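Work through the exercises below with the sequence and the 3D structure at hand. Try each task before you read its solution.

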Amino acid sequence: MKIVVLDGYTLNPGDLSWSGLEAMGEVTVYDRTPAEEIVNRSQGAAVLLTNKTPLTEETMEQLPHLRYIGVLATGYNVVHVEAARRRGITVTHVPSYGTQSVAQFVFALLLELVQQVGKHAEAVQRGQWSSCPDFCFTLQPMVELAGKTMGIVGYGRIGRQTAMIARAFGMNVLAAGADRSTLPTDEDVELVELLQRADVVSLHCPLTPETTQLLNKDRLALMKPSAYLINTSRGPLISEEALADALQEGRLAGAALDVLSIEPADPANPLLREPRCIVTPHIAWATVGARSRLMEVAVENIRCYLDGQPVNVVNR
């Protein structure tokens with residue numbers, strides 16, 4: 001059986017092993033595949049694995065041997081799943097592998113916003129402490145999280161894990177959206193009230209037509225001027241132009257984004273030049289632990305498919 005990985009570098013830049021796949025067939029791994037090479041590289045493959053390389057209906061029509069597509073991520077919008085279903089191609093994804101890593105990253109971003117550890121360390125390296133007349137200095141007033149309110153939009157697995165960490169910091173938790181059955185919140189509120197009351201808003205909802213630009217100009221205006229916004233979910237949940245305006249005008253204390261509406265980042269995005277905004281390159285999911293789990297589940301997905309009991313299927 002021929003297995004082709006179209007864009008393996010993001011999952012495995014060299015610190016993991018493809019041996020689990022290699023035990024199941026002839027494996028070819030490409031670090032990246034440009035659009036014009038997808039069909040050529042996929043010829044003869046029964047199994048294709050992709051992270052962000054798109055697989056359209058037109059592409060599938062040119063791959064008569066293709067029987068299985070494994071998405072090396074939770075989101076699977078890069079695959080035309082309905083076209084795959086019509087052609088009898090099973091499509092799977094990998095849910096839940098990054099829950100702990102993403103929630104952990106939320107607080108890496110939040111702590112950088114409220115204490116700016118990185119900027120203080122850089123200032124020390126520049127000699128600012130050595131030349132300081134006092135025994136310490138701060139670049140900005142620092143914020144204690146205990147007693148503050150964390151508003152979580154999207155209370156699924158990652159949202160609940162974020163809430164657990166927030167409580168460990170002594171924060172109060174509000175939640176809006178998604179399932180709240182596993183870990184109860186301190187209060188149960190709708191989005192508008194959450195935005196009005198939260199000191200920190202963290203987005204964890206999926207991107208759908210209903211949630212696109214969920215935080216637009218009007219909803220951002222509901223937030224406190226002292227509040228912080230964090231997004232480790234999907235970039236288009238936020239109107240980036242409206243967020244840039246709010247930050248520039250001092251209507252928000254700061255924002256930290258691991259995702260943008262266009263990735264890689266468009267150099268013209270105004271948030272890249274906003275000093276109140278931290279932008280990281282979509283890495284919340286990418287710890288070694290999370291990537292290892294992703295690899296294990298991706299391999300197990302194929303094994304279950306070959307055994308006639310497919311799991312994590314998105315196009316039944």
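**Exercise 1: a helix pair**

Task: find which residues of α5 and α7 meet, then describe the crossing.

Step 1. List the contacts (heavy atoms within 4.5 Å). From α5 come Thr99, Gln100, Val102, Ala103, Gln104, Val106 and Phe107; from α7 come Arg157, Ile158, Gln161, Thr162, Ile165 and Ala166.

Step 2. Sort them by class. Seven are nonpolar, five polar and one charged.

Step 3. Note the model. It is predicted: local features need pLDDT of at least 70, side-chain atom pairs count only at pLDDT 80 or more, and totals for chains, interfaces and linings use all residues. Residues are numbered from 1 along each chain as its sequence is written, and side-chain values use heavy atoms, leaving out hydrogens and water.

Step 4. Take the geometry. The axes of α5 (residues 99–115) and α7 (residues 157–168) come within 9 Å and cross at roughly 50 degrees.

Step 5. Name the arrangement. α5 and α7 are therefore oblique to each other (not under 35, over 145 or 65 to 115 degrees).

**Exercise 2: the cores**

Task: which element gives the largest share of the largest nonpolar core?

Step 1. Define the core. It joins buried (under 20% relative accessible area, 1.4 Å probe, protein chains only) Ala, Val, Leu, Ile, Met, Phe, Trp, Tyr and Cys residues through side-chain atoms within 4.5 Å.

Step 2. Find its size. The largest has 43 residues, and Ile230 is among those with the most contacts inside it.

Step 3. Compare the elements. α5 gives the largest share, eight residues.

Step 4. Look further. A second, separate core has 30 residues, including Leu191 and Leu229.

Technical notes: Axes fitted to C-alpha atoms, helices over the stretch in contact; angles between N-to-C directions. Helix = DSSP H or I, 4+ residues; strand = E, 2+ residues; numbered from the N terminus. Nonpolar A, V, L, I, M, F, W, Y, C, P; charged D, E, K, R; others polar. Buried < 20%, exposed > 50% of the residue type's maximum accessible area, 1.4 Å probe, protein only.
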